[in-house]
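Dear colleague,

I am handing over the structure below for your consideration. My notes on it follow.

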Amino acid sequence: MFRNNYDNDAVTFSPQGRIFQVEYAQEAVKQGSVVVGLVSKTHAVLVALKRNAEELSSYQKKVIGVDDHLGVAIAGLASDARVLLNFMKQQSLASKMTYGRPIPLERVVNQIGDRAQTNTQQYGKRPYGVGLLVAGVDETGPHLFEFVPSGMTQEMLACAIGGRSQMARTYLERHLDEFENATKDELIKHGLRALKESMSQDKELTVENTSVGIIGTVAEGKRKGKVESFKLYDGPDVGPLLEASADAPEPTTAETGGESMDVDS
């Protein structure tokens, strides 16, 4: 299984300048089911495809709220994600207790990036085998960040990670110009369509295997500019969102450049 003697730990570079353990952790992200994130001027949306290990088990949670202004979608090892999410919750609570305000979004993203990067410099530790899409709101509006096992974080306009995510990325790239001025409902529809692109034609999004997380600011009225708390749609709550997405015309196979790939089992 090992490539060579340079992948026995995460602190040794290969002669080509690569850290193989980080690359292995990135492969673990690709084993997870796909999650999609999009952001407009007023809202950020996370959409995830859940899966269960067997027929007798429940579906794994993929979208999780961290604070009123912050939510996360995960792809990869859920146990590693739990460690990072607990750290984010601790930092968020500490900010409220110390400064009396929510933790700035970019700060908490940089903190988990620093925490992950440290594991590539200390012998005996391994990189986190999970990728995160972090959606939240600050004083400048909604934002979407991507976290990868190497510790790198970057702000995104739209993103898809996990297994079979390339077709979803293709959809996002094709419709990127539509996201900036999209309404909340339009953004949700785009997210669900991108998620559907990663599935084969004989499989469908259902209330059991789909999660949607929404956060943003009020677009109009007396509360214009106020933060709408992170809201998770799971189970039966997803039904109306799926129906609204299905009502709109779907891209044809010719437009997407071929058949969609099968989803992870």
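The buried residues of helix α3 are Leu 105, Val 108, Val 109, Ile 112, Gly 113 and Ala 116; buried means under 20% relative accessible area, with a 1.4 Å probe and protein chains only. Viewed down the axis of α3, these residues fall within an arc of 140°, so they line one face of the helix; the arc is that of the directions from the helix axis to the C-beta atoms. Their cover includes β4 (70-76), α2 (78-99), β5 (130-138), β6 (141-147) and β7 (153-155). Helices (H or I, at least four residues) and strands (E, at least two) are DSSP runs, numbered from the N terminus.

Please note that this is a predicted model, in which local features need pLDDT of at least 70 and side-chain atom pairs count only at pLDDT 80 or more, while totals for chains, interfaces and linings use all residues. Residues are numbered from 1 along each chain as its sequence is written, and side-chain values use heavy atoms, with hydrogens and water left out.

The largest nonpolar core (buried Ala, Val, Leu, Ile, Met, Phe, Trp, Tyr and Cys residues joined through side-chain atoms within 4.5 Å) has 26 residues, of which Val 36, Leu 172, Leu 192 and Val 212 touch the most other members. Helix α6 gives the most to this core, with five residues. Apart from it lies another core, of 21 residues, among them Met 88, Leu 105, Val 130 and Phe 147.

Kind regards

Terms used:
Buried means under 20% relative accessible area, exposed over 50%, partly exposed in between (1.4 Å probe, protein chains only). Contact means heavy atoms within 4.5 Å.
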